[in-house]
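Grab a coffee and open the viewer. Here are some exercises to work through, each with a solution in steps.

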Amino acid sequence: KILHDQLKTEIHNDYDLALRKAIVDYILLDPNERQRVKIQHTPKRFNLRTIRAPIAWHDALDETKRDLLSTLHMNNPIMTFLQTLWDESYAHQRFVSFQDLAQASLPMIPHDFEKFIEQRVNQMRQTLISQWLNSCSRIVAENRQHWENMVPMEDDASTELVESFFNTVAARMAAHIRQLVNASLEDFARFFEEYSDGNDFKTKNLESKYHVMDFTRKPIFTQRLYADGPKIAFDPTNQDIRSMLQRCIKHIVNAAANIQRIESHLFDSKTKLLIRNVRNDEEIVENTTQRVLYALTKNIPGPQLYLHEYDAYQNLLNNKAESETVQFLHQTHALDEFEAELKQRTELANEIMLKRIWAPLNLFNLDCRDLNDHLIKIVQKLRSKLVQYCIDDNSKLNKEIVKEYDEIATTVSVPADETEELVKTAEYLNKALEVSVYKLAHKIGEAKDRLMFLLDYAIMSPEDLKLNAQVFHWPENIMNILELNQGRLAALRERAEERLRDHILKFEKKLEDLHKDVDLFKRKDVLSTDEMRTNVEKLADINKLVEEYRAQGELINRDQTLLAWEVTPFPKLQEIMAAKDPYEKLWNTAWQFYTSYERWMNGPFLGLNAEAINDEVQNMWRTIHKLQKSLTDQVGPRRVADMIKNRIDKFKVHIPLLQVTCNPGLKERHWQQMSQLVGLVLPHDETASLSDLIELGLAKFVEKLDEIGGSASKEYSLEKAMTKMKDEWNDMIFTFVKYRDTSAYILSAVDDIQLMLDDHIIKAQTMLGSPFIKPLEDDMRSWCDRLTLLQDIIDIWLKVQASWLYLEPIFSSDDIVNQMPEEGRKFATVDNHWKEIMINSVKDAHVLVATDQPGMLEKLREGFRLLEEIQKGLNNYLEKKRLFFPRFFFLSNEELLEILSETKDPLRVQPHLKKCFEGINRLEFNEQQEITAMISVEREVVQFKATINPSKARGMVEKWLIQVEDQMLLSIRMIIKESLVAYATRDRKQWVLEWPGQV
């Protein structure tokens, strides 16, 4: 390369010198010109002369001539023979010629084109190896007399001369191969340059539309269009074609590689020498690649522009058309609208079918078949979806029509054994004849329109055809069914009316018999036990018959209404019910008093409820009193009523004594007081009865005994109230929740507990003021103290918890503890007591158990006192920090503590910088955690004139923040000075963009 450049420079210099000398010699031929340039004489030309006598360098010249004759192998005849062979047989050949490319079966798929190039290149390579190389070897072998004398005779003699000869042969053959490669590359590049005018049809017509006549040249490559999701893609891609062309050029260049020199054919050489070939990085290869790729680049816009031919079908690719179809199907539309949609889809499919399947674009021939087929399939799918929807909808509607006809036929054909069923069926049949048949006839007409529509656009299945046939046969069939059942129902109605007449006659006879049974009670006047039991049972049977007959009467009235008859009121039934009622009350009251009297008088009185007995007796007395007035004209029942009333009046005398002795509040002390009052030991065990007390003559002491019973009732109500309160607290439990992600718990949701506690404390204090509390005073006072203690514990518990929750995150930081050791020690004490209390409380969360821990109130009060001292010390600590760095006053205590708790991490200050410094959003840190710049909210960066190392502050955040403040002022001041200097030399717009906004 260097020698070539030097020789080229020498030739240019010699040419320039010779040209200049020729011009000067020509000008100096004119005497006037010589006078003008003031040159009077020119040097005479030196003529070469033959020197016959020996000169000093004659021998050297002869020796050099002989050396050239023996070493200048280019003059060897073999070189001429090799050149002649090449010129006559191979100079016109190419690895890939222009003619080969022009006559190829174009267009090709790029992959096939590469195979074609490889095939042509390999054919020529085989020709070189099998023919040209053998021919060259034969020439050298047959003309060995021209190089045989260069071979040394002795074994140890130098072979340099013969090696140089064969090197010259190899160089000549390498030149031939280079010529072949260069010519092949030139043809390859020239072939593609035929297409360098490109395919940008925007420049070929003003409408920017594709016209096939604009591209009449035969394309080279076939590029397939296909749908890749919502986009249209190329196969292969432009990058694939670019890579393929580069590989084709390499195939041409590499075809001449690894060809052995003729020494391998002439001699049995172990070393396989190769003919030098063209390298892939040489200029000729790079130039060819650029020329070919330039032609490719010029032809890239065309396919992209051609994609606009499919812009109208983008909705098909991005599924928008499918979404619109689905949305259309979700709405109700007439057949005309479906027909319009189907015609539109059909026209769209036909339009796509008429699109070009091949689109020549100079270098490329676009294969649009797959894309067109894909679009057509999408349209056909959408069309099929519309048609299938119509088929399914038609089938659904037809099934509904058939179902309605089936329902009519089934309903009118029921047996109708009951009158209600008969009437309903008859009404349904009439409605079917008057309304339903005509509505269905209208639906049949719609089914006909749907069928005609589907016959034009769809191929129906045998099942659908059978269903349609069934639909159109139903109108005739249903009329026959209706007429047949109309007669059947008329006959059934006549039989039903006859049955109803017989039923009414039999029912009236039953009522007459029952009325006679009720009248028998007018003559009953015996008040024996057996008589009372028998009468009560008979009246119960009569009640059952009355209810049964009333139900039968309602059924008869219903049938009469259904048959449009006049409704029979059956007054006899009302007479029976009115006549039965006083006898039922009389004998039921008599039997009830009889059975209760034995239990009240002779049974144990301790289990009796005096108030309930009093109410029951009063109700009996009022019932009998009313019956006495209503039964005045009936001697027997009136006599029974009088006897029952007399018995009730006798028992009512003992009710006050019963109320005193059956008081649930009576304790043993009350019985002792009453015994002292009457002077007798009053029995009050489980065997004592009211009759026993009456025999003892307690009736005359009732008023005095009532005072003791009233006091017992008041005490009993207080005892029940206290027991209720204790029971409510036994079920009350605290709610504990986990604190963050730790094992500690905190108290939660105590509002209900506090509300109930306040209410019970007031109740307990009120009960202590009652005059009847004396027997319960100690228990009540103890309970009141327990509630007061519980209130104090909960109040101080919540206060301690609030302070602990505030301070725990603060003193969990080692940095804070190191800076406040005294407060840290106090908090550790409180924390231990707090966690101990919470652990014991969580074990059993019942309120009374959790608050019964030994010394719990004292521990909580001591903890609260320490927490107040800690809070005071914390406030003093924060005040000192703010006084040292006043910008901390812009931060809340929580924000300042967050900064101070992580002094080892200066990045924790970043979120709070906006409050401390109005213009700084965050600071810029380098890898060594040094501060190098400040950044505004608008992401404008201002570099500090000096870096700040927060680690040197030894955890004192305020110290390095003061340095930030100083650097902020210093840097802005210096930047302003520098900007003023630059303002005089820079354009204002450029200057504004180059300097920070604060300048």
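The exercises below walk through a predicted model.

**Exercise 1. Classify the ring pair formed by Phe 191 and Phe 192, and say whether each residue is buried or exposed.**

Start with what you need to look up: a pair of aromatic rings is described by the distance of the centres and the angle of the planes. For Phe 191 and Phe 192, the centres are 5.7 Å apart and the planes meet at 85°. Rings pair if their centres lie within 6.5 Å, and planes over 60 degrees apart count as edge-to-face. So this is an edge-to-face pair.

Now for burial, where the cut-off is under 20% relative accessible area. Phe 191 comes in at 4%, so it is buried. Phe 192 has 0% relative accessibility, so that residue is buried too.

**Exercise 2. Find the aromatic cluster that Phe 191 and Phe 192 belong to, then look for a charge over one of its rings.**

Step one: list the members. Alongside Phe 191 and Phe 192, the cluster holds Phe 98, Phe 113, Phe 188, Tyr 195, Phe 221 and Phe 364.

Step two: check Tyr 195 for a charged neighbour. Arg 217 lies over the face of that ring, 5.2 Å from its centre.

Step three: try another spot in the chain. The charged end of Lys 799 sits over the ring of Phe 864, at 5.9 Å from the ring centre.

**Exercise 3. Work out which residues of the largest nonpolar core touch the most other members, and which helix gives the largest share.**

This core has 62 residues, and Phe 113, Phe 188 and Phe 192 are the ones that touch the most other members. Next, ask which elements give two or more residues: helices H4 (77–89), H6 (110–142), H7 (160–193), H8 (238–254) and H10 (283–298). H7 gives the largest share, with 14 residues. Apart from this core lies another one, of 52 residues, including Leu 757, Ile 794, Trp 797 and Leu 874.

To finish, click on Phe 113 and skip its neighbours within four places in sequence. Its contacts then include Phe 188, Phe 192 and Phe 221, plus Leu 106, Met 108, Met 244 and Cys 248.

**Exercise 4. Locate the cis peptide bonds at Pro 107 and Pro 236.**

Take Pro 107 to begin with. The bond from Leu 106 to Pro 107 is cis, with omega near -5°. Pro 107 falls in the loop between helix H5 (98–102) and H6.

Then go to Pro 236. Here the bond runs from Asp 235 and is cis, with omega near 0°. Pro 236 sits in the loop between strand E2 (231–235) and H8.

**Exercise 5. For Asn 258 and Asn 319, give phi, the loop, and how accessible each residue is.**

Asn 258 has a positive phi of about 65°, although it isn't a glycine. You'll find Asn 258 in the loop between H8 and helix H9 (263–266). With a relative accessible area of 55%, Asn 258 is exposed.

Asn 319 also has a positive phi, near 70°. Asn 319 lies in the loop between helix H12 (314–317) and helix H13 (320–330). Its relative accessibility is 44%, so Asn 319 counts as partly exposed.

**Exercise 6. Set the "coiled-coil region" annotation beside the model.**

The annotation comes from an unreviewed UniProt entry and covers residues 493–524. Over residues 493–524, the chain is 84% helix and 0% strand. The end C-alpha atoms of this stretch are 49 Å apart.

Conventions
Residues are numbered from 1 along each chain as its sequence is written. This is a predicted model: local features need pLDDT of at least 70, side-chain atom pairs count only at pLDDT 80 or more; totals for chains, interfaces and linings use all residues. Side-chain values use heavy atoms; hydrogens and water are left out. UniProt positions are given in the numbering used here, feature names are shortened, and annotations may be inferred rather than shown by experiment. Helices (H or I, at least four residues) and strands (E, at least two) are DSSP runs, numbered from the N terminus. Rings of Phe, Tyr and Trp (its six-membered ring) pair if their centres lie within 6.5 Å; planes under 30 degrees apart count as stacked, over 60 as edge-to-face and the rest as tilted. Buried means under 20% relative accessible area, exposed over 50%, partly exposed in between (1.4 Å probe, protein chains only). A charge sits over a ring if NZ of Lys or CZ of Arg is within 6 Å of the ring centre and within 35 degrees of the ring normal. A nonpolar core is a set of buried Ala, Val, Leu, Ile, Met, Phe, Trp, Tyr and Cys residues joined through side-chain atoms within 4.5 Å. Contact means heavy atoms within 4.5 Å.
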